[in-house]
Amino acid sequence: MDGGRAPPAGSAFGRSRRVVTVRVPGLLADQAGGRKEFDVEAADVRGALEALPVRDLLFDERGELRPLVNVYVDREDIRSGDGIETALSGDETIRVVAAIAGG
Amino acid sequence: MAPAILVGTRKGLFVLRGDENRRKWTVDEPMLAGWEVFHATEHDGTLYAAANNFVYGATVQRSTDGGRTWERSEGLGLPEETELTLEKTWHVEPGQGDTLWLGAAPGALFHSDDRGESWEPVMSLIQHPTRERWNPGAGGMCTHSIQVHPTDPKTIYIGISAAGVFRSDDGGETWAPKNKGTAADFNEDDRFPELGQCVHKVLLHPEQEGRLWQQNHCGVYRTDDKGENWERLEDNGLPSSFGFPIAINHLKPDMAFVIPEDSVRGSEGEVGGGDRVTTGGRLGVYRTEDGGRSWELASNGLPDPAWVEVLREGMSSDRRDPVGIYFGTKSGSVFVSTDEGDEWMEAARHLPAVLSVEAAEW
């Protein structure tokens, strides 16, 4: 087990909670006091993102992931898995990437 | 305190700092990089910005240290029972004391009584019984104008595109449409409906009781009875009835400034909004000194020819004597006049597209 990381705990949904790393792009890092990387405990992608101090920028007030926020788990787009409910086994790296659009 | 201009752009917030004569201006490094600043204002030493990002949504950013650090309003949103979600934040308007109002889309209003630390949705407006008759304008269904009576803060006016003007006499508990006399030329079945007008900007004169000015999609208007009746004004001297911003002179209630857009007026009843660039290929500010009965071009120092756009939040006036008038263009220039529009100077150029201009003291 990594030093300093909390041990996995059971979630309300029966999934084990794992420690994963979440990396966010510059604007989100600015909004998080300059931090670009977070180690969080979560059983799935939603839990990992909801643990961030910028959760309100990732989700709307209904809890829906904003449509232009792309999320990758170990380089795999969560849309090819179970989306925001994609389960985590631990030690994955989650990358949040803003869609490239606009001007 | 020195004069300043808060310039909201597509790429953050710029502060222009002026000398005491408002003749020399410097541009600070941008703040709020990555955010579109639809409007920014200063109140009791705190900066507020209606900030939007096309990926991460809408919020209000607040700074209590002159813009060095900013704090985002988290949890800003619309309740589930409204079946609406927040689209954009548009305008922050200070009320009395610690009170603030926030206009947003779709057709939303928020209230804060703790200097913007928290915001409560104003359900009386969001669930207004006429809401099903509101329609979004090209910029969304935005609550863009909020005017609070300077001595009676229970009297509040708002403008929503395209729902019209509403007035509350009880601090926001109830709202009544106030659009009598304003046209909805795009509505062939009823050109003067109770509501649904495409109001572009509404300003309350701070000194003359009951007087408001309005630039509408379909005309320029003035009311002298708190919005009970509006008089259409643009027949004498304005080249187009269409435009977005309007500015007033706090010292002279009969003076106002508009920047007409669109083609030169054609047939009666023509609905404007086709071109959305300044009329006649020039950047023309038009001034009235007689309450809108007549208008004259007041554009010395402004570029000609020019085909530019000035948005609804893109013009402002200060509270100095003589008044300062300010506006910014989508092509990134900010212009200033300190002699009631007789002469204009360019205070900044090559900024990102200007979304809003607000006079401030720094």
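Three exercises with worked solutions follow, on a predicted model.

**Exercise 1. The interface**

Task: Work out how many residues of chain B and chain A are in contact, and what area the two chains bury between them.

Solution:
- Start with the contacts. On chain B, 22 residues touch 20 residues of chain A.
- Next, take the area. Chain B and chain A bury about 1,600 Å² between them. Carbon and sulfur atoms carry 51% of that area.

**Exercise 2. Polar and charged links**

Task: Find which residues form the salt bridge between chain B and chain A, then sort the chain B side by class.

Solution:
- Count the salt bridges between chain B and chain A: there is one.
- Identify the partners. Arg72(B) pairs with Asp56(A), with the closest N and O atoms 2.8 Å apart. The cut-off is 4 Å, so the pair qualifies.
- Add the polar contacts. Between chain B and chain A, 10 residue pairs count, both residues at pLDDT 80 or more.
- Sort the chain B side that touches chain A: nine nonpolar, nine polar and four charged residues.

**Exercise 3. Aromatic pairs**

Task: Classify the ring pair of Trp134(B) and Phe166(B), and say what the pair ties together.

Solution:
- Set the scene. Over all chains, the structure holds six aromatic pairs.
- Check the geometry. Trp134(B) and Phe166(B) lie 5.5 Å centre to centre, with 55° between the planes, and count as tilted.
- Place the residues. Trp134(B) sits in the loop between α1 (123–126) and β12 (143–148) of chain B, and Phe166(B) in strand β14 (residues 164–168), so the pair ties together parts 32 residues apart in sequence.
- Check exposure. Trp134(B) and Phe166(B) are both buried.
- Now take Phe242(B) and Phe244(B). Their pair is edge-to-face, at 5.3 Å centre to centre and 85° between the planes. Both Phe242(B) and Phe244(B) are buried.
- Finish with the cluster. Ring pairs link Phe327(B), Phe335(B) and Trp344(B).

Notes
Residues numbered from 1 in each chain as written. Chains lettered and ligands numbered in written order. Predicted model: local features only at pLDDT ≥ 70, side-chain atom pairs only at ≥ 80, totals over all residues. Heavy atoms only, no water. Contact = heavy atoms within 4.5 Å. Buried area = accessible area lost by both parts, 1.4 Å probe. Salt bridge = Lys/Arg side-chain N within 4 Å of Asp/Glu carboxyl O. Polar contact = N/O pair within 3.5 Å; in protein donor to acceptor, adjacent residues only side chain to side chain. Nonpolar A, V, L, I, M, F, W, Y, C, P; charged D, E, K, R; others polar. Phe/Tyr/Trp six-rings, centres within 6.5 Å; stacked < 30°, edge-to-face > 60°. Helix = DSSP H or I, 4+ residues; strand = E, 2+ residues; numbered from the N terminus. Buried < 20%, exposed > 50% of the residue type's maximum accessible area, 1.4 Å probe, protein only.
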